[in-house]
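New to this one? Take a look at the fold first, and then we can walk through some of its parts together.

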Amino acid sequence: MSDERDPIIGRDRERALGAAFTGARDGRALVLRGEAGVGKSALLDEVAERAAGAGHRVVRALGVETESGLPFAGLHQVLHPLLPRDASLDRDHRAVLDVVFGGTAEAVPSVMALGIAVLDVLALASSEEPLLLVIDDGHWFDGPSADVCAFVARRLSGYHVKILVGLRTDTGSAFDAAGLPEVPLEPLTEEAAGRLLDQRYPGLTDDVRRIVLDNADGNPLALVELPRSVTPGVAHTIADDLSGGRRGVPLTRRLERMYARRVHELAPAERAELVRGALDGIEAGSVPRRVAGARYRMRQVDGAVARGLLTVDPSTGDFTFRHPLVRSALVQLATPNERRTAHAALAELHRGDIERRAVHLAAATVDPDAEVADVLERAAHSATRRGGAATAVAWLTRAAELSVTAADRSRRLGDAAFVAGQSALLDQAERLVDESGQVSGEPAHTGAVVTSAYVALYKDGDVRSTHRRVVSAVEEARRSGADAETVTRLLNLLLAISQFSADPAVWSRTDAVIDSVGDAADPLTLVYRDSWGDVVRRGAGVRERLDDAFARMAGGEPWDVMRLAVSAFYVDALGDFRPSLQRMVEREKDAGAVTNVMTMLHLVMLDQISSGAWDDAEASGRRGLELTTSHGYELFAHQFRAFLGVVAACRGQLDRARELQSTIDTWARPRGIGFLTQYAESIGALAALSAGDHEAAYVYASGITVPGEFTPYSQQAARTLLDLVEAALHTGRTEQARTHALAARDAGLSALSPRLGLLTTAALAMTGDDADAEQLFEQAVAHPAGPSFPFDLARVRLAQGMWLRRARRPKASREAFTRAADLFERLGASAWEQRARLELRAAGLPVRKPGGGVAALTAQERQIAELAAGGLSNKEIGAKLFLSPRTVGAHLYKIFPKLGITSRASLRDALANEEEDG
């Protein structure tokens, strides 16, 4: 590190890379990584100065250790100078930013939604001049801010924006896993170190010069600072102190010792002033920080300036620390009483900022204090709403420690356990549950009961004992006059357990408990009951109730959004509420309600399966497996395996499908998890249908529900309607097939969801008289739900073609077979495609695989082309398909040459012509 009047020495390679980075035309990101004092800040300063001279707007931010627990404190530094004050920022994106910066009470946005909003801000800010964001000490950015910045940094291509980040090698951060290009900063060579030392201290004696070089280890900060501490009179004493640490103490710690010696020389009042500044996160170095609210300003610190501990910010006149190591040395040197006194003063300074005040009160308070505990609890709720669940757990735990009564302590520990459980912090949740249960003279708070049940369910798949425990907890809560929120939380958990059980006996008990609550039951709880359970008999009207529920969801907790999204899937309405799902789906671990993100990722994958985006579904499944297994969520991991098994079965990857089916069934059946065993049966049926083994398919499908009935509380019973009918027809069980189709009609499945309407119409066509079949098949293939469920539509077209061929209408049958084969090809359902082309050959048409046109599009490209042809913008298409507008544009760039067109305006005609040719 050098001061501003001296050039940087020994960094020719790194400076050249910095110059190339600044001069690049396209957006990009770069990380400078090295130990403390190695010269990262000096290089960042030089790149910033060069960029400013080249016409860039430069925005700088600085990570501070004392703010690493404040959600989005770092992101605020980045965006504060960029947020436009007019209407130029997209309204939805501004709403997302308002949530995390405390402006509204909307649902917590995901990393993806927030990242896209930040990209919008950066695009606006760089529209007239290129933009450079410089983040120094990025390892101390709070987790949520680092997650968003890393997300953005990976997506700068096509923007006039660059991001440069300085990180320490010995401190982990969310940037570490971002995969950004890095420039490692190694210690200076001995020759370069000597040149730097001689330039800064030309008059050193030989022995002092050698002591400094030997102990600096090529670290520029050490080379600049050590000569202040080493003088000829005491050279060997200081040298022994410094070199003794080389046998086991890192250079960083030795530099802190050096600064500590200077701090010791200060008067107590001046030292206390510096401690207050350090604990409030006053910046170090030359980077001015933009922070909201009041900040501590150090006064009467001339001694610290004289000893090289402080410098003066020329733009504001405020004192700043010479280096972050000065701050850490001050905090470590202060006694506990000195730190508590400083925190108490800072808590008063930040009375208007609930979260900053909570940080300082938590550190300043020793004995139980009801007022302080209340502030911490309110700050925890604020952090949860803004996506800082891990911070909320810490504050709730500290609030419990400072609670005056055992009841408050138990309640707050239970709430901390609940948030930890919803944030994939299962080990911490279990510990908090244990602590809550050990509070003398008080039963475990409901939050602890709920969390312990969730832990048993998620980790071990325990549906039997958890159901009994929660039923007892509901009964106890009602006897004791518990509040409505407590009862609702227990009932929602009971419904989740019952959903996974899929056991009519378990559900009967659950229904009885909910019915006993009567009108006091929360309306959302009733929506969950009617959609998660016996949807065939209770699902009428759920879609309309969901519309109202989502409209009233502003300010709801993330788990509320998750539960509603599950309900939406069961009535095939998930696409209608995709924006709400999208706000949560990309939340990274430890930054929010990770448990619910796993469920959201389940739903995204199911939506991708239904819509034919099978490659994306497999990617979601792999990501989900990694996320769930890393957190020990065995139940959720087996759900991802089940969904991957469905994709494999549909694609005809029989070995893979059967392997997953066996894994799921072996784990779930002994535990009584009917939700998963039914998925195993469904995978078996689909794999058998793909292989043409209709007898095996019938065995599996009828194991889910017998023909003519829909097993109560079985979600798969209605969803496998077509599987059972098709298997029955191909094995000569025409009566059973017809009985099942009529049962679907009589049960009113068409009124429950669009997909079930499509399947019911198709089943009636496949099993009805010839006089009715033609009209029913036409209704089925023209059903509005068809394009949203392409695999189902392709199967219906295949069945239609087979009926037309039997009716001796070869031309019409060939058209149906061709459309079915093309759909199967785009989906990657190779076994089904082969069958359709064999039927096509049997209908008298030579099989010819098309090599261009619409047939050359992937399933996702076809979706994008159809949506664009319908007039949707890239942004609107992205919202529907979970893609950024830029990614949509890249897909369209590939689609145009495949269709032989050059513009968006030609899409509609190109698609229509292909349909006519088919």
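Here is a short tour of a sheet, two helices and a pair of cysteines.

## A sheet of five strands

Keep in mind that this is a predicted model. A good place to start is the open sheet, where five strands line up in the order β2-β3-β4-β1-β5 with parallel pairing. Edge positions go to β2 (57–62) and β5 (182–184); each has a single partner strand, so one side of each is left without a neighbour in the sheet. From one strand to the next, the twist averages 15°. As general background, the strands of a sheet pair through backbone hydrogen bonds, and they can do this in a parallel or an antiparallel way.

## Who pairs with whom

Let's begin at the β2 edge. Six bridges link β2 to β3 (residues 131–136) in the parallel sense. One spot to look for is Leu 62, whose bridge partner in β3 is Asp 136.

Now find β1 (28–34). Its pairing with β4 is parallel and runs over seven bridges, and Gly 34 sits opposite Arg 168 of β4. β1 also runs parallel to β5, with three bridges joining the two; here Val 31 has Glu 182 of β5 as its bridge partner. How much of β1 is buried? Six of its seven residues are, so the strand is mostly covered.

## Two helices, packed together

Next, look at helix α1 (residues 12–23) and helix α2 (residues 40–53), which pack at an angle of about 35° with their axes 10 Å apart. Their crossing is right-handed. On the α1 side, the contact is made by Glu 14, Arg 15, Gly 18, Ala 19, Phe 21 and Thr 22, while α2 brings in Leu 43, Glu 46, Val 47, Arg 50 and Ala 51. Sorted by class, that contact has five nonpolar, two polar and four charged residues.

α2 has another set of neighbours too. This helix lies across β1, β2, β3 and β4 (161–168), and α2 runs at about 165° to β3.

## A word on cysteines

Are Cys 149 and Cys 650 buried or exposed? The cut-off for buried is under 20% relative accessible area. Cys 149 has 7% relative accessibility, so Cys 149 counts as buried. Cys 650 comes in at 4%, and therefore Cys 650 counts as buried as well.

How many disulfides are there? With a disulfide taken as a pair of cysteine sulfur atoms within 2.5 Å, the count comes to zero.

Key:
Residues numbered from 1 in each chain as written. Predicted model: local features only at pLDDT ≥ 70, side-chain atom pairs only at ≥ 80, totals over all residues. Heavy atoms only, no water. Axes fitted to C-alpha atoms, helices over the stretch in contact; angles between N-to-C directions. Helix = DSSP H or I, 4+ residues; strand = E, 2+ residues; numbered from the N terminus. Left-handed = near helix turned anticlockwise from the far one by under 90°. Contact = heavy atoms within 4.5 Å. Nonpolar A, V, L, I, M, F, W, Y, C, P; charged D, E, K, R; others polar. Pairing = 2+ DSSP bridges. Buried < 20%, exposed > 50% of the residue type's maximum accessible area, 1.4 Å probe, protein only.
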